[in-house]
Amino acid sequence: APCRFSGSVYTNDMVICAHNYSGHFGQIKNLSIGDEVTVVDMDGNVFDYRVVELETLFPTAVEDMIHGDDWDLTLFTCTVGGRTRVAVRCERT
């Protein structure tokens with residue numbers, strides 16, 4: 001299942017990862033700059049974001065995944081075959 005890798009919606013630095021399965025982040029590669037992303041926390045609070053950048057990173061680029069340019073939200077998964085990672089960077093709207 002998708003999980004919080006680091007950070008929080010409350011500190012505007014959350015990173016969420018999930019497997020590249022159809023029921024998880026299998027369609028993440030279809031997101032585009034300007035697309036909307038919504039996160040709902042366990043208390044039902046809604047946080048809206050907009051995709052501002054798409055990146056391809058190597059699996060060893062953990063620091064880039066977590067910190068990057070200090071994005072409000074990062075979603076990531078592996079590509080098919082696991083050679084790289086897809087990172088979707090978002091800012092809060």
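## Basis of the description

A residue counts as buried under 20% relative accessible area, as exposed over 50%, and as partly exposed in between. The structure described here is a predicted model. By that scale, arginine 50 is partly exposed, with a relative accessible area of 31%.

## Salt bridges between β4 and β6

Two salt bridges are present in the structure. In one of them, arginine 50 pairs with glutamate 91, and the closest N and O atoms are 2.2 Å apart. Arginine 50 belongs to strand β4 and glutamate 91 to strand β6 (residues 85-92), so this pair ties together parts that are 41 residues apart in sequence. Glutamate 91 is itself partly exposed, its relative accessible area being 30%.

Arginine 89 forms a salt bridge with glutamate 55, with 2.6 Å between the closest N and O atoms. Here again a residue of β6, arginine 89, is joined to a residue of β4, glutamate 55, so the pair ties together parts that are 34 residues apart in sequence. Arginine 89 has 0% relative accessibility and therefore counts as buried, whereas glutamate 55 is partly exposed at 22%.

## The β3–β4 hairpin

Strand β3 (residues 36-40) and strand β4 (residues 46-57) pair in the antiparallel sense over five bridges. Within this pairing, valine 39 of β3 stands opposite phenylalanine 47 of β4. Five residues separate the two strands of the hairpin, and glycine 44 takes a positive phi near 85 degrees.

The two faces of β3 differ in their cover: Val37 and Val39 form the covered face, while Glu36, Thr38 and Val40 form the uncovered one.

## Nonpolar cores

The largest nonpolar core comprises 16 residues. Val37 and Val39, the residues of the covered face of β3, are among those with the most contacts inside this core, together with Tyr49, Leu73, Leu75, Val88 and Cys90. Strands β2 (14-17), β3, β4, β5 (73-78) and β6 each supply at least two residues of this core.

Valine 88 offers a detailed view of one such residue. Leaving aside neighbours within four places in sequence, valine 88 is in contact with Ile28, Leu31, Val51, Glu53, Leu54, Leu73, Thr74 and Leu75. Of these partners, Leu73 and Leu75 are also listed among the residues with the most contacts inside the largest core.

A second core, separate from the largest one, has seven residues, including Val15, Ala61, Phe76 and Ala87.

Terms used
Residues numbered from 1 in each chain as written. Predicted model: local features only at pLDDT ≥ 70, side-chain atom pairs only at ≥ 80, totals over all residues. Heavy atoms only, no water. Buried < 20%, exposed > 50% of the residue type's maximum accessible area, 1.4 Å probe, protein only. Helix = DSSP H or I, 4+ residues; strand = E, 2+ residues; numbered from the N terminus. Pairing = 2+ DSSP bridges. Salt bridge = Lys/Arg side-chain N within 4 Å of Asp/Glu carboxyl O. Core = buried A, V, L, I, M, F, W, Y, C linked by side-chain atoms within 4.5 Å. Contact = heavy atoms within 4.5 Å.
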